[in-house]
Amino acid sequence: MENENFRPVIARIWEDIKKSCEKSGRTLREVSLMAVSKTQAAERVLAMAESGLSHFGENRVQEAAAKREAVKKVGVWELIGPLQRNKAKLALETFERIQTVDRASLAAELEKQCGKLGIERYPVLMQVNISEDEAKHGAAADEAEALAVRILEGGVLQLEGLMTIGRFTDEELEIRKCFSGLRELRDRLQPRLGLPLRELSMGMSSDYEWAIEEGSTLVRVGSGLFGRRESSK
Ligand SMILES: *Cc1c(COP(=O)(O)O)cnc(C)c1O
């Protein structure tokens, strides 16, 4: 059987991204597209890479580790799901970046495991629960500065930006408010930390166009690329 060809769907999403950039006076170069491959079989992930998109996001550490082995470690992989401390080591070994650092105890564990693995610097994003949704992970917006300071003090984790999940609603205005809220938080934090927070990871299949118009630099698209997931993970 021939491998799936994802080129047409990748091209279509880039077309949408381009339109959103034009609408908001941004350039295409400012935005990256990540394929969220959670629940997808290794052969589909490999086919995605062969179709030209090899930047992957996964939300479970063990699933990602197994899959990455199976696809011969192609591409760049990032963790976009919640991380428990007992999986910190495997996460560091599996991913090029962890987007979901949301508490000091996790930062401390990652630093400790970096020490054991001989990793001097490791890039992370801080996940912020901008929508204050109780079901969601992420630091509260008013705790973000303290956590960022804590991460920087450790001297190991390299804070490259912020990540959020938009509110689960059909209300465009509500969703956009999450994204503009993350951007404004970034703009407030940068001068206080004296550090550029270049990455704003926000936007998924249902809302990436709004996220780009509000300043996203990295959209995380799963079902829009791979088709609907069978499980609800
Ligand atoms: C699953 C997931 C996505 C992708 O969701 P789609 O709606 O399939 O595009 C993006 N970000 C996170 C954190 C996810 O868990």
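User: How many salt bridges are there, and what makes a pair count as one?

Analyst: The count comes to 24 salt bridges, where a salt bridge is a side-chain nitrogen of Lys or Arg within 4 Å of a carboxyl oxygen of Asp or Glu. This is a predicted model, in which local features need pLDDT of at least 70 and side-chain atom pairs count only at pLDDT 80 or more, while totals for chains, interfaces and linings use all residues. Residues are numbered from 1 along each chain as its sequence is written, and side-chain values use heavy atoms, leaving out hydrogens and water.

User: Why are E58 and K67 called a salt bridge?

Analyst: Their side chains meet at 2.9 Å, N to O, and that satisfies the rule, so the pair counts.

User: Are E58 and K67 buried or exposed, and how do you know?

Analyst: Buried means under 20% relative accessible area, exposed over 50%, and partly exposed in between (1.4 Å probe, protein chains only). E58 has 0% and K67 has 6%, so both count as buried.

User: What makes the approach of K38 to the ligand a polar contact?

Analyst: A polar contact is a pair of N or O atoms within 3.5 Å; within protein, one must be able to donate a hydrogen and the other to accept it, and residues adjacent in sequence count only if both atoms are side-chain atoms. A side-chain N or O atom of K38 is 2.7 Å from a ligand oxygen, so this pair qualifies. A backbone N or O atom of S223 also lies 2.7 Å from a ligand oxygen, and a polar side-chain atom of R229 lies 2.8 Å from one.
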